[in-house]
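This report introduces a protein structure to a reader who has not met it before. It begins with one helix and its surroundings, then turns to the whole chain and to several individual residues.

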Amino acid sequence: MYEFDSYHILLAGAGAIIIASYWLPRYFSGREPAAAPLLILTGLVLFLFVPGMPAAIDPLTNPFAWEATAELAVIIGLFGVGLRIDKLFGHGLWKPTFRLLVFGMPLTIIALALFGWMAAGMTLAGGLLLGAILSPTDPVLAGDVQVGPPLEGGEHPVRYALTTEAGLNDGLAFPFVHLGIAIASAGAITGALLTEWVLIDVAYRIAMGALGGAASGWLLGRILFFWPRSNALSLTQAGVIAFAGVIFAYGLTELAEGYGFIAAFVAGLVLRRVESEDRFHERLHSFSEALEHTLTAIILVALGAAIPVLWPYLDLSHALIGLALIFLIRPLLGWLSLAGAGLPSRERWTVAFYGIRGIGSIYYLAYAGNHVELVDEGALWATVAFTIVVSAIVHGLSAGVAVSRATGEEEAPA
């Protein structure tokens, strides 16, 4: 009797943390609460006192669990982002997104690599890998800055840019992750390595990701709404189809050696174009959002619980990398990238600043750790964890108000 098994303590504690993190902020704000900072903080405080718990979820010794959970959270989030987008075409609609992806993300990777090399003494491969890991914005934690659910309309350019950027840059960061892994494995940059990288990792895998996502989204749309027309699957209102659809698109594309992250987002976009006014899209989005929030909450609680293990690896130089990304590199390069995008100054600064970091970075680092022997892996995990914590606090607590003001939306009552 009353053995207080650590597993049951874990379950009870995690449940209490998640409930409290969504409940407590409502005493202080009339807005939808930004739970991410509290999930991390309460995970740290509670599980710090559970014997053996931080070590049990140490990402250095158990990276696969982190990779698999983060991978699932990201692909579900990307699919949901694709479903959210009501409007796909319009004059200058994609211009901010294009500039952020083509100019902003590569420049961010280069800046982080140089900063890691100069400030933390990292190798070229290590700096490049860190840049690729931290460069994508997060589709999972950025709910406050994204467009609303399907059929809601009113997609302001600020929200549209932040939503579509988060939907695409997770997949587009993958070639740079592969490049960092390839350089680390080979020990040097060669012409053959770069040629293979451009042809396979950039050209083929990006194209296959888009093609796989488009084909999967179209097929899923036909199955949901047209085959058979008299008894369509959409009539069941079974939201689990969202989960089935995204893992189908992701798995099929990965089997073809394409980027599954791109496929997940494109599948949501294409599916949304099939019977675009059908209310079943709301059901699909609600179900995927519930799954996404569940997995994200678990990951953030685990991240907080793992901080005692990672903290000894964090020194000033690695902390400066995270701070520089959030307060200097992303805002400055985002601002420069958006030149000529047609956004007024306030909106341009808002898009530039709110590049939220999160679950995608955890996945990329765990993925890299499973494919190559990383130098100073503990420092890499500490840097990524520190950056996510700072981003969750700074962006999470201010994004809702800042974006509402930039877009001219009415403030929620206090």
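## Helix 8 and its surroundings

The buried residues of helix 8 pack against six elements: helix 5 (95-120), helix 6 (124-134), helix 7 (157-172), helix 9 (191-225), helix 11 (260-273) and helix 15 (359-371). The model discussed here is a predicted one. Counted as buried in helix 8 are Phe174, Pro175, Phe176, Val177, His178, Leu179, Gly180, Ile181 and Ile183. Helix 8 covers residues 174-186, and its end C-alpha atoms lie 18 Å apart; this agrees with the 18 Å expected because each of its 13 residues is reckoned at 1.5 Å. Just after helix 8 comes Gly187, which has a positive phi of about 85 degrees.

Helix 2 (residues 36-47) can be examined by the reasoning applied to helix 8. For its 12 residues, at 1.5 Å a residue, a span of 16 Å is expected, and the distance of 17 Å between its end C-alpha atoms agrees with this. Its buried residues are Ala36, Pro37, Leu39, Ile40, Gly43 and Phe47. In general, an α-helix has 3.6 residues a turn, so residues three or four places apart point the same way.

## The protein as a whole

The protein contains 16 helices and 0 strands. Its radius of gyration is 21 Å, which agrees with the value near 22 Å for a compact globule of 414 residues. Along the principal axes, the C-alpha trace extends over about 65 × 60 × 45 Å. Of the 414 residues, 54% are buried. Among contacts with a separation of 6 or more, 81% are between residues 24 or more positions apart.

The exposed surface of the protein is about 17,700 Å², and carbon and sulfur atoms supply 68% of it. As for charge, there are 19 positive and 31 negative side chains, and the centres of the two sets are 13 Å apart.

## Individual residues

The table gives the accessibility of four residues.

| Residue | Relative accessible area | Class |
|---|---|---|
| Ser404 | 3% | buried |
| Thr383 | 0% | buried |
| Leu10 | 29% | partly exposed |
| Glu257 | 43% | partly exposed |

Ser404 belongs to helix 16 (residues 377-407). Ser404 and Ala132 are 272 residues apart along the chain, and 30 Å separates their C-alpha atoms.

Thr383 is also placed in helix 16. Leaving aside residues up to four places away in sequence, Thr383 touches Leu130, Leu134, Leu314, His318 and Ile321. Between the C-alpha atoms of Thr383 and Arg346 the distance is 30 Å, with 37 residues separating the two along the chain. Thr383 counts as buried because its relative accessibility, 0%, falls under the 20% cut-off.

Leu10 is found in helix 1 (residues 6-23). The C-alpha atoms of Leu10 and Leu46 are 9.6 Å apart in space, while the two residues are 36 apart in sequence.

Glu257 is located in the loop between helix 10 (240-255) and helix 11. Although Glu257 is not a glycine, it has a positive phi of about 65 degrees. Most residues other than glycine have a negative phi. With a relative accessible area of 43%, Glu257 is partly exposed, because this value lies between the cut-offs of 20% and 50%.

Note on methods: Residues are numbered from 1 along each chain as its sequence is written. This is a predicted model: local features need pLDDT of at least 70, side-chain atom pairs count only at pLDDT 80 or more; totals for chains, interfaces and linings use all residues. Side-chain values use heavy atoms; hydrogens and water are left out. Helices (H or I, at least four residues) and strands (E, at least two) are DSSP runs, numbered from the N terminus. The radius of gyration is taken over C-alpha atoms; the globule rule is 2.2 Å times the number of residues to the power 0.38. Buried means under 20% relative accessible area, exposed over 50%, partly exposed in between (1.4 Å probe, protein chains only). Contact means heavy atoms within 4.5 Å. Accessible areas come from the Shrake-Rupley method with a 1.4 Å probe; for residues, only the protein chains shown count as cover. Lys and Arg count as positive and Asp and Glu as negative; His and the chain ends are not counted. The place of a charge is taken as NZ of Lys, CZ of Arg, CG of Asp or CD of Glu. The expected span of a helix is 1.5 Å times one less than its number of residues.
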